[in-house]
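I sat down with the coordinates today and kept a running log. Here is what I looked up, roughly in order.

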Amino acid sequence: MVLLEDFLGNHYPRIFHLTVTGRCNASCDGCINGLIYGKREDFWRTWEAEPERDVKILTHLIIHENTHPLYVAFYGGEPLLSFAKLKTIMQALRQKFAHKNIHFILYTNGLLIDKFLIKEREFFANLKLMIVSIDGGERQHNSVRKGADLKKIEENLGLLKGAIKLPVLMWSTIRENMRLFDCLEEFLGLYKAGKVSYFFWHLLEAKEPIGNFESFKGSFCKDLQTMMDVFVKHLSKGEILPLIPLCELLFFLIQGIRRGHTACGVEKLRNFDIQGGKILPCVDYGDEIILGEISDRGEVCMDKISSLEKLENLVSYRGAFGCQACEAEFYCGGRCPVLIKTSPLRAKQYCVLTREFVRIVKERVPEIIEILKNKDLPPQNLYFPYGYTSLLTDVIP
């Protein structure tokens with residue numbers, strides 16, 4: 001098999017995630033920040049962006065990593081709650097690195113788009129991608145993302161569509177009381193209306209294993225089968241539905257690609273997270289491993305080498321989990337250290353679900369290869385821009 005990094009070469013994206021604020025105007029079930037850091041009131045003040053400090057850190061990373069393509073992703077909390085700081089940081093980086101093609105990504109729950117869109121159109125026009133959290137239709141979404149009213153989000157996406165041409169990725173977080181199919185239906189409606197461009201789903205990180213796992217597995221696999229049916233139906237008409245984990249997996253299977261690292265590649269030190277003036281390998285893992293920070297003299301101090309052993313230890317579970325012998329390892333690469341930290345039992349359940357995802361998709365590969373030939377569609381059309389976009393997300397479900 002061909003390693004993904006060899007296939008992509010110098011087109012492998014690098015991402016620097018900046019936590020703009022810990023504040024949020026919604027209260028979502030299973031918030032990853034609450035899982036890792038505790039109550040929001042205990043951490044949000046220390047997460048608040050300081051433009052001068054954070055631009056200095058990002059400048060250090062951009063210069064010393066000297067990489068392309070490069071993405072700066074604004075993360076939270078809800079970043080638009082600190083819009084003035086967000087805008088200042090973007091403007092400073094665009095001016096400082098006008099010679100570089102830095103791409104900007106915004107993570108948002110979509111509730112505040114209308115508040116800034118008209119007066120701050122340039123900000124949105126300078127984004128490369130917007131990632132919006134939507135967890136299905138109105139009933140399902142509003143029940144798990146309390147305070148994040150879906151109708152308001154849909155209206156805001158309509159306003160955005162009318163104002164600028166910006167790709168929007170719909171991001172769904174699947175909990176055990178949810179259906180993936182409900183998320184797919186919502187995506188298809190928004191996609192047909194031209195309000196979103198891509199669909200990504202992932203499974204919730206949580207402390208406890210899934211209670212009735214066999215029941216959840218049954219409904220999840222049923223929804224995956226339905227998703228495959230929908231995808232093949234569209235493909236038969238010459239259209240590739242932008243279901244990015246599916247497109248990526250299909251391309252890996254058809255072309256013989258192996259990821260070669262955990263989902264986001266944290267052990268490779270490919271991406272960096274900046275939170276509260278600290279450089280972390282992964283903000284969702286916590287701040288146990290700090291790669292760098294601002295010194296008392298106002299300089300960015302960073303020692304990646306001393307952290308490499310710790311990062312390798314983060315993924316040592318792959319031996320105990322039997323990853324090397326797993327039929328899904330080529331795609332999953334060992335999933336995510338965050339889930340191993342929070343709940344190894346739940347992680348093992350997700351291993352089962354990942355294998356099921358690979359099995360279900362693999363069964364349809366001969367049929368899909370035939371359709372691609374008949375429609376004169378090269379397999380690369382599955383990956384660029386669709387499967388490739390998964391590298392800007394949590395990567396695997």
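**Entry 1: burial cut-off, then Arg364.** Before anything else I wrote down the rule: a residue is buried if its relative accessible area is under 20%, exposed if over 50%, and partly exposed in between. Arg364 has a relative accessible area of 16%, so I log it as buried. A reminder to myself: this is a predicted model.

**Entry 2: who does Arg364 pair with?** I looked for the partner and found that Arg364 and Asp229 meet through their side chains in a salt bridge, 2.9 Å from N to O. The two come from distant parts of the chain, 135 residues apart: Asp229 sits in helix α11, Arg364 in the loop between α17 and α18 (365–374). Asp229 has a relative accessible area of 43%, so I call it partly exposed.

**Entry 3: other salt bridges.** I got 22 salt bridges for the structure. One of them joins Arg346 to Glu176, with the closest N and O atoms 2.7 Å apart. This pair also links distant parts of the chain, as Arg346 is in helix α17 (residues 344–363) and Glu176 is in the loop between β8 and α10, 170 residues away. Arg346 comes out at 1% relative accessibility, so it counts as buried. Glu176 is at 37%, so it goes down as partly exposed.

I then checked a pair inside α17: the side chains of Arg359 and Glu356 form a salt bridge at 2.8 Å, N to O. They are three residues apart in the helix, which means about one helical turn separates them. That fits the textbook: an α-helix has 3.6 residues a turn, so residues three or four places apart point the same way. Glu356 is buried because its relative accessibility is 16%, and Arg359 is partly exposed because its value is 35%. I also noted that Arg23, Glu48 and Lys85 are joined into one network by salt bridges that share partners.

**Entry 4: a buried acid without a partner.** Which side chain of opposite charge is nearest to Glu205? It's Arg335, at 6.8 Å; Glu205 is buried and has no salt bridge. I placed Glu205 in the loop between β9 and α11. Leaving aside neighbours within four places in sequence, I listed its contacts as Gly30, Ile32, Leu35, Val338, Leu339 and Asp394.

**Entry 5: helix α10.** I ran a length check on α10 (residues 180–192). With 13 residues at 1.5 Å each, it should span 18 Å, and the end C-alpha atoms are 18 Å apart, so the two agree. Next I pulled its buried residues: Leu180, Cys183, Leu184, Glu186, Phe187 and Leu190. Looking down the axis, I see them fall within an arc of 165°, so they line one face of the helix. What do they pack against? I found α8 (138–144), α9 (150–163), β8 (168–174), β9 (198–203) and α11 (213–235). Just after the helix, Gly194 takes a positive phi of about 75°.

**Entry 6: cysteines.** I searched for disulfides and found zero. Cys24 is in none, and the nearest cysteine sulfur, on Cys28, is 5.8 Å away. Cys31 is in none either; its nearest cysteine sulfur is also that of Cys28, at 6.7 Å. Cys24 has 27% relative accessibility, so I count it as partly exposed. Cys31 is at 27% and so is partly exposed too.

Definitions and conventions: Residues numbered from 1 in each chain as written. Predicted model: local features only at pLDDT ≥ 70, side-chain atom pairs only at ≥ 80, totals over all residues. Heavy atoms only, no water. Helix = DSSP H or I, 4+ residues; strand = E, 2+ residues; numbered from the N terminus. Expected span 1.5 Å × (residues − 1). Buried < 20%, exposed > 50% of the residue type's maximum accessible area, 1.4 Å probe, protein only. Arc of directions from axis to C-beta. Contact = heavy atoms within 4.5 Å. Lys, Arg positive; Asp, Glu negative; His and termini not counted. Salt bridge = Lys/Arg side-chain N within 4 Å of Asp/Glu carboxyl O. Disulfide = S-S within 2.5 Å.
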